[in-house]
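Hello,

Here is the structure I said I would pass on to you. Please have it open while you read, as my notes follow straight after.

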Amino acid sequence: MLEFYVRRLAYKVLCWFIPKRSWRLEFGKKMGFGERIVVLQEVDKYVPRDVLDFIKDIESRFTNLDSNVDLESNLAHHSNPFLQSYKSHLNPTPLATIRANHSSFAPPPICSLKELQAKAKLAHTKVVHTGYFSADPSAKNPKSPRNPWAYIRVRDEAHTLRASLYSILPAIQRGVIGYNDCSDGSEEIILEFCEAFPSFIAVKYPHSVDIYNPQSEENKLYAYYNYVLSVIPKDEWLLKIDVDHIYLPDKLYKGFYAVRHIWDMVLLPRIDFCLIDKKVCVLKAWRNVREGDQWLVKNFGLRFKEFGRIEQLVPHTNCLVRVELPSYHFPYKKISRSSKASELEWLPLEQWSSPDIGVRIDPKMLDSDLILELCKDFEE
């Protein structure tokens, strides 16, 4: 990061002699500062040709469907081979069984922070699954933005948790899964997943978290976020993952190549979806993608600060890169939010439109049948 600070200082000094703001902004872009938008038409230009060919080959098996066969049979036959191998490897316990046995569940002792950090230093050597990253030798480097940590926090999100974790595996090799105060089977799912994929580390926060009436600093949300963050080694890349998203791993992985400088911060957009009477709907107010709570960034000087009752990241940079939509966001599948969905106005997906379609939203994503098929992995 020394280069970043040297360049930034030089830029500030030289800007004293540049009279027009537009000239200063243009000069900043040439030095690697400022904002960039990577639209759909440009995404593939950032990805090496052999990696792109590998991704297209895998995805063609999923998307080249037989029009004479029903969609479900097609998807079962052409399903992403990575996903099939993960499910076979994990052999997950049904959520209903987990909940039935919850009273007798004995969680392992909580690891100390030093023990967790020691595990994290070796996580890149414990990758047992394959993915799009297998096509790029540079993705084996733990310092590469093509090999980021998944930075995950969970609290009672069993409905979407397993489906979300599966969905990132073709793009992400390792991660930390922080959790606290789980009572719906989320803890058991996390421990089962981390046992099957040992490059992911379960981080149980040793304190309760109370947003509304915390009794100490340890009980505040920002402290919990910082604790989980502290497990990730410094100077390595991390990607904030929320488990109420289902990710399209090819789009997620290609976004890693938008990084051009170690001080870049890639922002992942989102759109809110909801399943209403077995129909896919979109929040009416969302005409554009929104950003701010998912990002790829280097773990240098990062920390969370208290922001009202919640947390806010204090990044080391404002050099932002905006990429395409890589996921479907289902915030109202969370138990804590499910009752609020009826208070909002939703549009059937077929009636929804956005100026971002074709720019930052791939039109192929907006297929209700495909989304419903992906949602079959949700736990009820």
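Tyr257 counts as buried because its relative accessibility is 2%, under the 20% cut-off. Its ring partner Tyr253 is buried too, with a relative accessible area of 0%. The two ring centres lie 5.4 Å apart and the planes stand at 85 degrees, so Tyr253 and Tyr257 make an edge-to-face pair. Please keep in mind that this is a predicted model.

A second pair may interest you. Trp295 and Phe304 have ring centres 6.3 Å apart with planes at 40 degrees, so this pair is tilted. Trp295 counts as buried at 4% relative accessibility, and Phe304 counts as buried at 3%. How many aromatic pairs does a search of the whole structure find? The search gives 17.

Trp295 and Phe304 also belong to one aromatic cluster, together with Tyr151, Tyr205, Tyr224, Tyr225 and Tyr227. Elsewhere, an aromatic ring meets a charge: the charged end of Arg290 sits over the ring of Trp286, at 4.2 Å from the ring centre.

Three of the cluster's tyrosines bring us to helix H11, where Tyr224, Tyr225 and Tyr227 are among the buried residues. H11 covers residues 221–229 and is mostly covered, with eight of its nine residues buried. Besides those tyrosines, the buried residues are Leu221, Tyr222, Ala223, Val228 and Leu229.

Which residues does Leu221 contact, apart from its neighbours within four places in sequence? They are Val209, Ile211, Arg309, Ile310 and Glu311. Leu221 is part of H11 and counts as buried because its relative accessibility is 13%, again under 20%. Its C-alpha atom is 7.2 Å from that of Asp210, a residue 11 places away along the chain.

Two of those contacts of Leu221, Ile211 and Ile310, lead out to the surface. There, Ile211 and Ile310 join Tyr212 and Phe307 in a nonpolar patch, and the four together have about 420 Å² of accessible area. Phe307 is in strand E11, which spans residues 303–307. Is Phe307 buried, exposed or partly exposed? With a relative accessibility of 44%, Phe307 counts as partly exposed, because that value falls between the 20% and 50% cut-offs.

Those are my notes; I hope they help you find your way around.

Best wishes

Terms used. Residues are numbered from 1 along each chain as its sequence is written. This is a predicted model: local features need pLDDT of at least 70, side-chain atom pairs count only at pLDDT 80 or more; totals for chains, interfaces and linings use all residues. Side-chain values use heavy atoms; hydrogens and water are left out. Buried means under 20% relative accessible area, exposed over 50%, partly exposed in between (1.4 Å probe, protein chains only). Helices (H or I, at least four residues) and strands (E, at least two) are DSSP runs, numbered from the N terminus. Patches are made of residues with over 30% relative accessible area and no salt bridge: like charges are joined within 9 Å, nonpolar side chains (Val, Leu, Ile, Met, Phe, Trp, Tyr) within 5 Å. Accessible areas come from the Shrake-Rupley method with a 1.4 Å probe; for residues, only the protein chains shown count as cover. A salt bridge is a side-chain nitrogen of Lys or Arg within 4 Å of a carboxyl oxygen of Asp or Glu. Rings of Phe, Tyr and Trp (its six-membered ring) pair if their centres lie within 6.5 Å; planes under 30 degrees apart count as stacked, over 60 as edge-to-face and the rest as tilted. A charge sits over a ring if NZ of Lys or CZ of Arg is within 6 Å of the ring centre and within 35 degrees of the ring normal. Contact means heavy atoms within 4.5 Å.
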